[in-house]
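Thanks for coming. I have one protein to go through today, so please have a look at it on the screen before I start.

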Amino acid sequence: MAARPSDQPITTLALRGICKTYTLDAIFQLLDAACGAQRTYNFVHLPKRGGQQHGGLVIVNFADPGSCRSCLEKLLKMREDGVFTGVKSIAPSYIQGFAENLAYYSVLVTEGMAGEPPMVFERGRWLQNIMPVIQQFVTPELMVWASEQVKALYGMGTSQSTQKDREPHLQDLQDLQDLKQLGGRNPTLRELERIQMLLPESRSVDSSDFLIFSL
């Protein structure tokens, strides 16, 4: 699993374990209360399935590290003060950067794994058509990098991968052990069957290929 360089600026936050009763409007009101009326974020992704408004996760990228840091501090302070209680975790996201998150989503699209598309903002204004933005910022090199992240996070190769590329590496195993220390667990047999149903084109899966985290 390719790790994010320690000196890479942090511009992307992940809000996890969001209460299902929170509406999209409530989530954006929370972000705007912490980030200010100017909306310093430029990327908001709320992955969801079926008829849900959101899947309990929001990925937010900011225009610069300072805006990200300021919003993180305000969100944590608001939660500490009891302004809201429906978000379990607020921390830097695994995928950092505006273009990087667009590339990651693009790879999920090519794999047939993408859900709801992200929302992209320019100077606070929502751009309903994100394809020109993707074409502008996502390079072939970023697509290769994003493919590696999808492979690492989902325990599978992308459609262009060879069987050799799909074999686990020692570093991947070490990363899995590190993640286990953060509360991850291997799936049960029933959960593993469900994973196989969701990823029908992947290789035969093993419980050691995946970790499950509770939101």
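**Sheet, helices and cores**

Buried residues make up 38% of the 215 residues in this protein. Keep in mind that what you see is a predicted model. The accessible surface comes to about 12600 Å², and carbon and sulfur atoms account for 54% of that.

On to secondary structure. The protein has 8 helices and 6 strands. Along the sequence, they follow the pattern β-α-β-β-α-β-α-β-β-α-α-α-α-α. As for contacts with a separation of 6 or more, 69% are between residues 24 or more positions apart.

Now the sheet. In what order do the 6 strands stand? The order is β4-β1-β3-β2-β5-β6, in an open sheet with antiparallel pairing. Each of the two edge strands, β4 (87–92) and β6 (125–127), has a single partner strand, so one side of each has no neighbour in the sheet. On average, neighbouring strands are turned by 20° against each other, direction ignored.

One pair in detail: β1, residues 12–18, and β3, residues 57–62, are joined in the antiparallel sense over 5 bridges. Within β3, Leu57 is the residue opposite Arg16.

Two helices lie across this sheet. Helix α1, residues 24–35, lies across β1, β2 (41–45), β3, β4 and β5 (119–122). Its angle to β2 is about 155°. Helix α2, residues 65–80, lies across β1, β3 and β4, and here the angle of about 155° is to β4.

That leaves the nonpolar cores. Which residues touch the most other members of the largest one? They are Leu15, Tyr41 and Val44, in a core of 25 residues. Two or more residues of this core come from each of β1, α1, β2, β3, α2 and β4. Helix α1 gives the largest share, 6 residues.

Take Val44 as an example. Leaving aside residues up to four places away in sequence, Val44 touches Phe28, Leu31, Val58, Ile59, Val60, Pro118, Met119 and Phe121. Of these, Phe28 and Leu31 are in the stretch of helix α1, and Val58, Ile59 and Val60 are in the stretch of β3.

There is also a second core, separate from this one, with 21 residues. Among its members are Ala14, Ala99, Leu127 and Val138. Ala14 falls within β1, a strand that also gives two or more residues to the largest core. Leu127 falls within the edge strand β6.

That is the end of my part.

Key: Residues are numbered from 1 along each chain as its sequence is written. This is a predicted model: local features need pLDDT of at least 70, side-chain atom pairs count only at pLDDT 80 or more; totals for chains, interfaces and linings use all residues. Side-chain values use heavy atoms; hydrogens and water are left out. Helices (H or I, at least four residues) and strands (E, at least two) are DSSP runs, numbered from the N terminus. Buried means under 20% relative accessible area, exposed over 50%, partly exposed in between (1.4 Å probe, protein chains only). Contact means heavy atoms within 4.5 Å. Accessible areas come from the Shrake-Rupley method with a 1.4 Å probe; for residues, only the protein chains shown count as cover. Two strands pair if DSSP finds at least two bridges between them. Axes are lines fitted to C-alpha atoms, for helices over the stretch in contact, and angles run from 0 to 180 degrees between N-to-C directions. A nonpolar core is a set of buried Ala, Val, Leu, Ile, Met, Phe, Trp, Tyr and Cys residues joined through side-chain atoms within 4.5 Å.
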